[in-house]
Amino acid sequence: MMTASAALGGATWLLRGTLAPGSARAAEAPPGFPAGLDLYQGVYENWSGEIRTDALWTCAPRTAQDVLTLADWAHSQGWRLRPQGHRHTWTPFTVPDAAPADTRVVLVDTTAHLTGARLDGPDTVRVQAGTAMEDLLAFLGGQGRGLTSCPAPGDLTVGGALAIGGHGTAIPADGEVRAAGHGYGSLSSLVTELTAVVWDAGAGRYALRTFDRAEADCAAVLTHLGRAFVTEAVLRTGQDTNLRCVSRLDIPAAELFAPPGQAAPDRTFAGFVDATGRAEAIWFAFTDRPWLKTWSVTPHQPLGSRAVGEPYNYPFSDSLPEPVARLAGEILSGSWSLATVFGNLQYLVAKAALTGDISDVLLSGGLIRDLLDGDTLAHLLADGLRSDLWGPSRDLLLYVRPSTLRETANGYAVLTRRADLQWVVSQFAAYYQTLLQQYAARGEYPVNGQVEIRVTGVDDPAWSQVAGAQPPLLSALCPRPDRPDWDTAVWLDILTLPGTPAAPRFYRDIEQFLLSTFGTGDRSTLRVEWSKGWAYTADAAWSDPGVIGTAIPASLRATGAPGWDEAVATLDRLDPHRIFSSPLLDTLLR
Ligand SMILES: Cc1cc2nc3c(=O)[nH]c(=O)nc-3n(C[C@H](O)[C@H](O)[C@H](O)COP(=O)(O)OP(=O)(O)OC[C@H]3O[C@@H](n4cnc5c(N)ncnc54)[C@H](O)[C@@H]3O)c2cc1C
């Protein structure tokens, strides 16, 4: 059976992180580089492959002290340091695409050595920045501790997830009382203490500074987009719980995303969130029934629910079935209109693998039936059904492996009243569907992936249990003090294969709609999801000067409250020489 990477041009991907023959230009070694620190050259390539550089100088410090040594060296030589975790970020915060070999940057890989975790108190964990989220959750689970929600992949570093305000999906279900140590916002909101490398003006050198969560400066460093270097953090945790995750693919989008009052409440997205507090909709392009997952706190294994003892329980999504890979390969080689088939294929694969229901496949004809032949269906069903899973929280909260289909994504959070959750998803879904059809009518297929919708709360400093704690100023979930009623964030992402024609233009249309619908008025506000695509022109993400220079700063300002300007000023003060910055951060954070 052909593997996904082979079908999608594995040759490029196999070169990840290595020197592509003939592509590298010789680069002078960084002058006066500190002795005793390993230095090597490596290509920086992000997970989606959309950022790929020449071989850049890279170092993997063994200790936080090594990072200080690096910082003083970088300052003295006029070089920059770019902290690097698992490179899962779509946004070019670390380095720009095609950065040449002579870029005066040293990548600082935290994943090799800065990976320790230990309990810091009965309900806090001290964790180094390069620790993978999967390792952190496994460590916590071993201590009977856990998080309410977290990003879906496990191979993200804690430093990377804090930098961009990593999140999962959870708000309190109807009647749910928050358990001590748990929160419903970003990972950053759980920080009680954090250590970063900052400029010490008195000493004239960089120093490690530990920020207590109640310190004003801490608020800027909790989510900092890579404009600082965090070496470790202490996080509040809660008692671990078991979760049950139920998947269904039978509710039409017209009901799930219906305008408020136009469908039975218990079949709407808001209704499912009310019932369990934790939901995600994955809506493949050109299909009419999303894959809906709900998680509920369930101490004991329910009858009929399959017990799991490890994460990543959707093998059909982590290791693409051969027909899906083959069709993706055909799309990428120019058959863009196959997006309509691709969405349906992914839906049918998910339905078969999750529920065992292959009736739709048997009824379909043409290409779908050819692709999903008997062997493929047997293979999909061989793993056993996955629509009702139960186990320790981490095994249900981590469900995306790096081997999943490599797509690009835009991302936004709409902050609103909980009562307006269904209004938000219905407005978005209606516009998205109409736009997709308009493009298709013109023979354009910018989206061949899926819409993903999740819901969290906004960051409440009280969850850290530190008296006087401040919210993370740059988190998309930073609360608006003037709008305490906006307690809910609806996360909206649209995914498509990298390089799909017209995708930036489509994303721009979506962004302009979101800004005008949710970014103004008294019902909601719009924030960008830092790690994904935003600020679209018709040709590219992270490019629209109006969004970068005006809309984004405005979205994080609130009357009379600290916010964008204070965060930017604080980060500048902590690193006045801008050794922890990049071209995009120089443009954005000013
Ligand atoms: C398939 C996929 C699924 C995803 N799902 C989710 C999800 O469910 N929820 C979610 O919130 N996000 C999600 N993300 C985004 C992801 O959480 C972020 O991109 C995160 O920053 C990645 O962590 P990383 O270790 O790969 O960091 P990198 O991509 O290496 O770095 C990200 C940024 O953090 C900075 N950084 C890294 N380490 C440090 C440090 N120690 N100190 C200071 N700055 C640092 C980098 O300089 C860079 O600016 C997903 C990404 C992918 C590719």
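**Reading helices, sheets and loops**

Mentor: Let's start with two helices in this predicted model: the crossing of α16 and α17 is right-handed.

Trainee: Nice! How close do the axes of helix α16 and helix α17 come, and at what angle do they cross?

Mentor: Find residues 421-441 for α16 and residues 503-518 for α17; their axes come within 11 Å, and the crossing is at roughly 150°. Angles over 145 degrees count as roughly antiparallel, and that makes α16 roughly antiparallel to α17.

Trainee: Which residues of α16 meet which residues of α17?

Mentor: On the α16 side, look for Val424, Gln427, Tyr431, Tyr432, Leu435 and Tyr439. On the α17 side, they meet Phe506, Asp509, Ile510, Phe513, Thr517 and Phe518. Sorted by class, this contact has 9 nonpolar, 2 polar and 1 charged residues.

Trainee: Which strands does α17 lie across?

Mentor: α17 lies across β17, β19 and β20, and its direction is at about 145° to β20.

Trainee: Now I'd like to read the strands. In what order do the 9 strands of the open sheet come?

Mentor: Here is the general idea. Strands of a sheet pair through backbone hydrogen bonds, and they can do so in a parallel or an antiparallel way. In this model, 9 strands form an open sheet with mixed pairing, in the order β15-β16-β12-β14-β13-β18-β19-β17-β20. Its edge strands are β15 (306-307) and β20, each of which pairs on one side only.

Trainee: Let me zoom in on β17. How many bridges join it to β19, and do the two run parallel or antiparallel?

Mentor: β17 and β19 (residues 488-496) run antiparallel and are joined by 9 bridges. One position to look at is Leu415, which stands opposite Ala489 in β19. β17 also pairs with β20 (residues 524-528), again in the antiparallel sense, over 5 bridges. There, Val414 stands opposite Leu526, and Leu415 has Thr525 as its bridge partner.

Trainee: And where do the side chains of a strand point?

Mentor: In a regular strand they alternate between the two faces of the sheet.

Trainee: Why is β17 described as largely enclosed?

Mentor: Count neighbours: a residue is buried if 20 or more other C-beta atoms lie within 10 Å of its own. In β17 (residues 408-416), 8 of the 9 residues are buried, so the strand is largely enclosed by the rest of the structure.

Trainee: Let's try the sheet with 5 strands. In what order do they come?

Mentor: That open sheet is antiparallel, with the order β5-β6-β10-β8-β9. At its edges are β5 (117-121) and β9 (205-212), each pairing on one side only. On average, neighbouring strands here are turned by 20° against each other, direction ignored. To see one pair up close, pick β8 (residues 191-200) and β9, which share 8 bridges in the antiparallel sense. Val197 has Leu208 in β9 as its bridge partner.

Trainee: What about β3 and β4: do they run parallel or antiparallel?

Mentor: β3 and β4 (residues 105-109) run parallel, joined by 5 bridges. Pro83 stands opposite Val108 in β4. The burial count helps again: 4 of the 5 residues of β3 (residues 80-84) are buried, so it is largely enclosed by the rest of the structure.

Trainee: And the loop between β3 and β4: which residue there should I look at?

Mentor: Try Ala98, which sits in that loop. Its phi is near 65°, a positive value in a residue other than glycine. Ala98 is exposed, with 10 other C-beta atoms within 10 Å.

Trainee: What is the phi of Gln465 near?

Mentor: Near 60°, again a positive value in a residue other than glycine. Gln465 lies in the loop between β18 (450-457) and β19. Gln465 has 15 C-beta neighbours inside 10 Å, so it counts as partly exposed.

Trainee: One more loop, please. Where does Ser335 lie?

Mentor: Ser335 is in the loop between α10 (322-332) and α11 (339-355). It is partly exposed, with 14 other C-beta atoms within 10 Å. Now compare sequence with space: Ser335 and Phe286 are 49 residues apart in sequence, and their C-alpha atoms are 16 Å apart.

Methods. Residues numbered from 1 in each chain as written. Predicted model: local features only at pLDDT ≥ 70, side-chain atom pairs only at ≥ 80, totals over all residues. Axes fitted to C-alpha atoms, helices over the stretch in contact; angles between N-to-C directions. Parallel < 35°, antiparallel > 145°, perpendicular 65-115°, else oblique. Left-handed = near helix turned anticlockwise from the far one by under 90°. Contact = placed C-beta atoms within 7 Å. Nonpolar A, V, L, I, M, F, W, Y, C, P; charged D, E, K, R; others polar. Buried ≥ 20, exposed ≤ 12 C-beta atoms within 10 Å, placed from the backbone. Pairing = 2+ DSSP bridges.
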